[in-house]
Amino acid sequence: NYDFSHILLLNESRTELNCMMACDANGEIVTALINEKLSFNQDSATKWVITNLQSLMLQDAQSDERHYQTPLLPTIGSELVLLLQAANEVLGVLIVQCLEKDAFTIDDVDVMQSISDQLAIAIYNVSLFTQLRERLADMNAMTEVSLLVQGAFDFDGLILRMYDAMR
């Protein structure tokens with residue numbers, strides 16, 4: 001039972017977390033939270049989870065100094081912050097929140113950790129696929145230049161073909 005969930009991913013410099021997705025209990029996207037940033041320098045439950053490499057359950061979020069209350073949401077009672085990690089790489093966190101205090105159980109943590117593990121693998125795979133696609137595009141460009149060089153007998157013709165290919 002939850003009211004809000006968010007996926008926050010670390011940026012490349014690992015200095016802040018960016019909210020990639022947020023939704024409410026009805027599955028409606030909370031657009032106000034998308035692209036919100038949380039500095040990794042700021043003390044928060046997310047920083048604690050990433051630093052300690054373990055999940056965190058806050059049964060009374062408001063009384064815990066690690067809880068960050070975003071002004072874009074109502075007052076949160078309970079919060080689960082789960083590590084998103086794949087292939088020994090920390091990607092970010094999954095946050096699950098409830099308006100009521102004491103809303104989560106150890107079983108909830110186990111289920112949500114399983115979901116966050118699967119989510120982390122999916123995010124990591126998308127990252128690998130994107131890198132692969134970029135490398136393939138680079139290789140195709142190098143192949144094209146190589147063919148142009150092989151096909152050119154004069155320097156002026158080579159320059160013109162390379163110019164045309166780059167446009």
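Author: A nonpolar core is a set of buried Ala, Val, Leu, Ile, Met, Phe, Trp, Tyr and Cys residues joined through side-chain atoms within 4.5 Å. Keep in mind that this model is predicted.

Reader: How many residues has the largest nonpolar core, and which have the most contacts inside it?

Author: The largest core counts 23 residues. Leu-8, Leu-17, Ile-50 and Val-93 have the most contacts inside it. Two or more residues come from each of E1, E2, H1, strand E4 (56-58), E5 and E6.

Reader: What is Val-93 in contact with, leaving aside neighbours within four places in sequence?

Author: Val-93 is in contact with His-6, Ile-7 and Leu-8. Thr-46, Val-49 and Ile-50 are also on its list. Val-81, Leu-82 and Leu-84 complete the set.

Reader: Which residues belong to the other core?

Author: That core lies apart and has 14 residues. Among them are Ala-86, Phe-104, Val-109 and Met-112.

Reader: Now pockets. How do I read empty space?

Author: Rolling a probe the size of a water molecule over the atoms shows where empty space is left. Here, the largest pocket has a volume of about 440 Å³.

Reader: Which residues lie nearest the centre of the largest pocket?

Author: Leu-10, Asn-11, Glu-12, Glu-89 and Ser-127 do, out of 17 lining residues. Strand E1 (4-10), strand E2 (16-24), strand E6 (89-98) and helix H2 (106-151) each give two or more residues to that lining. By class, the lining of the largest pocket holds eight nonpolar, four polar and five charged residues.

Reader: What is the volume of the second largest pocket, and what lines it?

Author: The second largest pocket holds about 270 Å³. Its lining has 20 residues, with Leu-8, Leu-38, Tyr-68, Thr-70 and Ile-95 closest to the centre. At least two lining residues come from each of E1, E2, strand E3 (37-39), helix H1 (45-52), strand E5 (78-86) and E6. The classes are eleven nonpolar, five polar and four charged. Leu-8 links two topics: it lies among the residues closest to this pocket's centre, and it is one of those with the most contacts in the largest core.

Reader: Last, backbone angles. What sign of phi should I expect?

Author: Most residues other than glycine have a negative phi. Ala-87 has a positive phi, near 50°. Asp-102 also has a positive value, near 55°.

Reader: Where do Ala-87 and Asp-102 lie?

Author: Ala-87 sits in the loop between E5 and E6. Asp-102 sits in the loop between E6 and H2.

Reader: Is Ala-87 buried or exposed? And Asp-102?

Author: Exposed means over 50% relative accessible area. Ala-87 has 56%, so Ala-87 is exposed. Asp-102 has 59%, so Asp-102 is exposed too.

How values were computed: Residues are numbered from 1 along each chain as its sequence is written. This is a predicted model: local features need pLDDT of at least 70, side-chain atom pairs count only at pLDDT 80 or more; totals for chains, interfaces and linings use all residues. Side-chain values use heavy atoms; hydrogens and water are left out. On a 1 Å grid over the protein atoms alone, a cavity is a set of points where a 1.4 Å probe fits but cannot get out, and a pocket is an open set with protein on both sides within 12 Å along at least five of seven lines; lining residues have an atom within 4 Å of a point. Grid points are joined across faces, edges and corners, and a volume is the space filled by probe spheres set on the points. Helices (H or I, at least four residues) and strands (E, at least two) are DSSP runs, numbered from the N terminus. Ala, Val, Leu, Ile, Met, Phe, Trp, Tyr, Cys and Pro count as nonpolar, Asp, Glu, Lys and Arg as charged, and the others, Gly among them, as polar. Buried means under 20% relative accessible area, exposed over 50%, partly exposed in between (1.4 Å probe, protein chains only). Contact means heavy atoms within 4.5 Å.
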